[in-house]
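Take a slow look at the chain before reading on. We'll wander through it one residue at a time and see which parts end up side by side.

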Amino acid sequence: QKTFRWDSMHDSAFAYDPPALARQVMSGERVVDHDGSLAAALQSCVKCGDMWNEGIVSPRIAEISLLGGLGCGKALLSLVLEELESLPPSPSRNYDYVVLQATENSVSFYESMGFVRVG
């Protein structure tokens, strides 16, 4: 049974980057998890659930999704991040990380918002 794994050190983690993106990663123009420390921290977070039914839930990771191409992504993402940062810590909502899946075209947008690429 295969499950998702955070792993920036896997051989294929950055292997499928287009040449221009690979050059930017190698030159340091783009921030990525080069040493695997962020991936290791994400992987070590408590997880529960069943990937075939309700899905895997990580109570301390907030996963966000946005509707791309609307021209309001920066405003929406800023509001979500501000809201998450303003929440008082509690057992049910105390996030250590905010994660998302980005398309190739949206990577630079998320990087401009402070996100770091993992894998």
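Trp6 sits in the segment before H1. Keep in mind that what you're looking at is a predicted model. Which residues does Trp6 touch, once you skip those up to four places away in sequence? They are Ala39, Leu42, Gln43, Val99 and Val118. There's also a backbone distance to look at: the C-alpha atoms of Trp6 and Ala41 are 8.8 Å apart, although 35 residues separate the two along the chain.

Gln43, one of those partners of Trp6, belongs to helix H2. Its relative accessibility is 18%, so Gln43 counts as buried, the cut-off being under 20%. Leaving out residues up to four places away in sequence, Gln43 touches Phe4, Arg5 and Trp6.

Now for the overall layout. The protein has four helices and four strands. Read from the N terminus, they come in the order α-α-β-β-β-α-β-α. The protein has 119 residues, and 24% of them count as buried. How do the contacts spread along the chain? Among those between residues at least 6 apart in sequence, 67% join residues at least 24 apart.

Here are three pairs that show such sequence gaps next to their C-alpha distances.

| Pair | Gap along the chain | C-alpha to C-alpha |
|---|---|---|
| Trp6 and Ala41 | 35 residues | 8.8 Å |
| Pro18 and Glu104 | 86 residues | 9.1 Å |
| His10 and Gly119 | 109 residues | 7.7 Å |

Two residues in that table deserve a word of their own. Pro18 is found in the segment before H1, and its relative accessible area of 24% makes Pro18 partly exposed. His10 is in the segment before H1 too. With a relative accessible area of 47%, His10 is also partly exposed.

Next up, a pocket. The largest one has a volume of about 1400 Å³. How many residues line the largest pocket, and which lie nearest its centre? The lining is made of 46 residues, with Phe4, Trp6, Leu100, Gln101 and Val118 nearest the centre. So you've met Trp6 again, this time as part of a pocket wall. Several elements chip in at least two lining residues each: helix H2, strand S2 (55–57), strand S3 (61–63), strand S4 (97–99) and helix H4 (107–112).

On to charges. Side chains of opposite charge can pair when their charged atoms come close. How many salt bridges does the structure hold? There are two.

One of them joins Asp17 and Arg117, whose closest N and O atoms are 2.6 Å apart. Asp17 lies in the segment before H1 and Arg117 in the segment after H4, so this pair ties together parts that are 100 residues apart in sequence. Are these two partners buried or exposed? Asp17 counts as buried at 15% relative accessibility, and Arg117 counts as buried at 17%.

Arg30 and Glu111 form a salt bridge as well, with their closest N and O atoms 2.8 Å apart. Since Arg30 is in the loop between H1 and H2 while Glu111 is in helix H4, the pair ties together parts that are 81 residues apart in sequence. Arg30 is buried, with a relative accessible area of 15%.

Finally, meet Asp33. You'll find Asp33 in the loop between helix H1 (19–27) and helix H2 (37–43). Asp33 is buried yet has no salt bridge. How far away is the nearest side chain of opposite charge? That side chain belongs to Arg117, and it is 10 Å away. A salt bridge needs the nitrogen and the carboxyl oxygen within 4 Å, so a gap of 10 Å doesn't qualify.

What does the side chain of Asp33 do instead? It makes a polar contact with the side chain of Ser8, at 2.9 Å. The Asp33 side chain also reaches the backbone nitrogen of Ala39, at 2.8 Å. Apart from neighbours within four places in sequence, Asp33 is in contact with Ser8, Leu38, Ala39, Val116, Arg117 and Val118. Two of those names, Ala39 and Val118, also turned up among the residues that Trp6 touches.

Key:
Residues numbered from 1 in each chain as written. Predicted model: local features only at pLDDT ≥ 70, side-chain atom pairs only at ≥ 80, totals over all residues. Heavy atoms only, no water. Buried < 20%, exposed > 50% of the residue type's maximum accessible area, 1.4 Å probe, protein only. Lys, Arg positive; Asp, Glu negative; His and termini not counted. Polar contact = N/O pair within 3.5 Å; in protein donor to acceptor, adjacent residues only side chain to side chain. Contact = heavy atoms within 4.5 Å. 1 Å grid on protein atoms, 1.4 Å probe; cavity = no way out; pocket = protein on both sides within 12 Å on 5 of 7 lines; lining within 4 Å. Points joined across faces, edges and corners; volume = space filled by probe spheres on them.
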